[in-house]
Amino acid sequence: MQPNLLRETIPACADARAAFEASGLPSAKAEAWIYTRLADVTINPADEAGSLPHEAPSGLVFQNGFLASGQGSLPAGISLRAFDDEGDDMATFMGYLPDDHLLSVLSLGHVTGAYVIEIADNTKIDDVLSLHFIGGDHNSSSHPLLMIRLGKDSACKIAEHHHSKSALSAPVIAIDIGENAVFDHVKSQNDDTQAHHLALTVMKLAAKADVNSFTTAMGGALGRHETHIHLDGEETNIALS
């Protein structure tokens, strides 16, 4: 199954889209979105990746939310695949997300691409894995879903680079950090000046997991990034900045 078909064939996506259409975008008077103007946000999910720029960045490149390049250069111990056809990955992914949350139903219902990145148990990756979210135009929206799993006693560094031209870039990322795993994470949001960026990241930490995460936002007409943390074991450590 191509990832862009998920929203048409998996019931959970149709349910999320119906929930979003029933509520719509919140007004600036809604308590959780007070003073945040969403009236100009365009929701028109892209149906394909489109052509890559002449010189694509190194790492994994997500064009319009679809994986476009980089999958062949992953180091040993890291695997990458699209969400499965049966909807099992989608069900697992939804288990990480907050219930009845705007950003959850928005991108679940309008998903463009959906992928799983897994770091095997006892795997230590020294190099930084770069994720580039690019492409789009001012008439389309991008809704990538990404599930990242770090196995027990693993270590990984991931850098997100968001420089999209989509009218709306709305990535939803769930990160499961296994027992005694170490995760270093940087997110840089430098989207086009006419783009809107609405992002949700959920991190779940098992016992003795260690996370250091840093986010910077420099671009976009409007940007909002929510990070939700679940501490599911003792002796966890997380630093957010």
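In the predicted model, a nonpolar surface patch is formed by Ile229, Leu231 and Leu240, whose accessible area together is about 260 Å². Leu240 belongs to strand 15, which covers residues 237-240. The relative accessibility of Leu240 is 48%, so this residue is classed as partly exposed; the range for that class runs from 20% to 50%.

Ala239 was compared with Ser213 in sequence and in space. The two residues are separated by 26 residues in sequence, while their C-alpha atoms are 6.1 Å apart. Ser213 is located in strand 13, residues 210-217. With a relative accessible area of 4%, Ser213 is buried, because the limit for that class is under 20%.

Strand 7, residues 145-150, has five buried residues out of six and is therefore largely enclosed by the rest of the structure. Strand 7 is paired with strand 4 (residues 114-119) through six bridges, and the two strands run parallel. Within this pairing, Met147 of strand 7 is found opposite Val116. A parallel pairing, also over six bridges, joins strand 7 to strand 10, residues 172-177. Here Leu145 has Val172 of strand 10 standing opposite. In a regular strand, side chains point alternately to the two faces of the sheet.

The search for enclosed space returned one cavity of 30 Å³ or more in the whole structure. The volume of the largest cavity is about 30 Å³. Its lining consists of Phe62, Asn64, Gly65, Phe133, Ile134, Ser142, Ser164 and Ser169. Among these lining residues are the aromatic side chains of Phe62 and Phe133 and the serines Ser142, Ser164 and Ser169.

For open space, the largest pocket has a volume of about 160 Å³. The residues that line the largest pocket are Ala16, Ala19, Met94, Leu97, Pro98, Asp99, Asp100, His101, Ser104, Val105 and Leu108. Two elements, helix 2 (11-23) and helix 4 (102-109), each contribute two or more residues to this lining. Helix 4 supplies the largest share of the lining of the largest pocket, with three residues. Ala16 and Ala19 are among the lining residues and fall within the range of helix 2, 11-23. The lining also includes Asp99, Asp100 and His101.

Note on methods: Residues numbered from 1 in each chain as written. Predicted model: local features only at pLDDT ≥ 70, side-chain atom pairs only at ≥ 80, totals over all residues. Heavy atoms only, no water. Buried < 20%, exposed > 50% of the residue type's maximum accessible area, 1.4 Å probe, protein only. Helix = DSSP H or I, 4+ residues; strand = E, 2+ residues; numbered from the N terminus. Pairing = 2+ DSSP bridges. Patch = residues over 30% accessible without salt bridge, like charges linked within 9 Å, V, L, I, M, F, W, Y side chains within 5 Å. Areas by Shrake-Rupley, 256 points an atom, 1.4 Å probe, with all protein chains shown as cover. Salt bridge = Lys/Arg side-chain N within 4 Å of Asp/Glu carboxyl O. 1 Å grid on protein atoms, 1.4 Å probe; cavity = no way out; pocket = protein on both sides within 12 Å on 5 of 7 lines; lining within 4 Å. Points joined across faces, edges and corners; volume = space filled by probe spheres on them.
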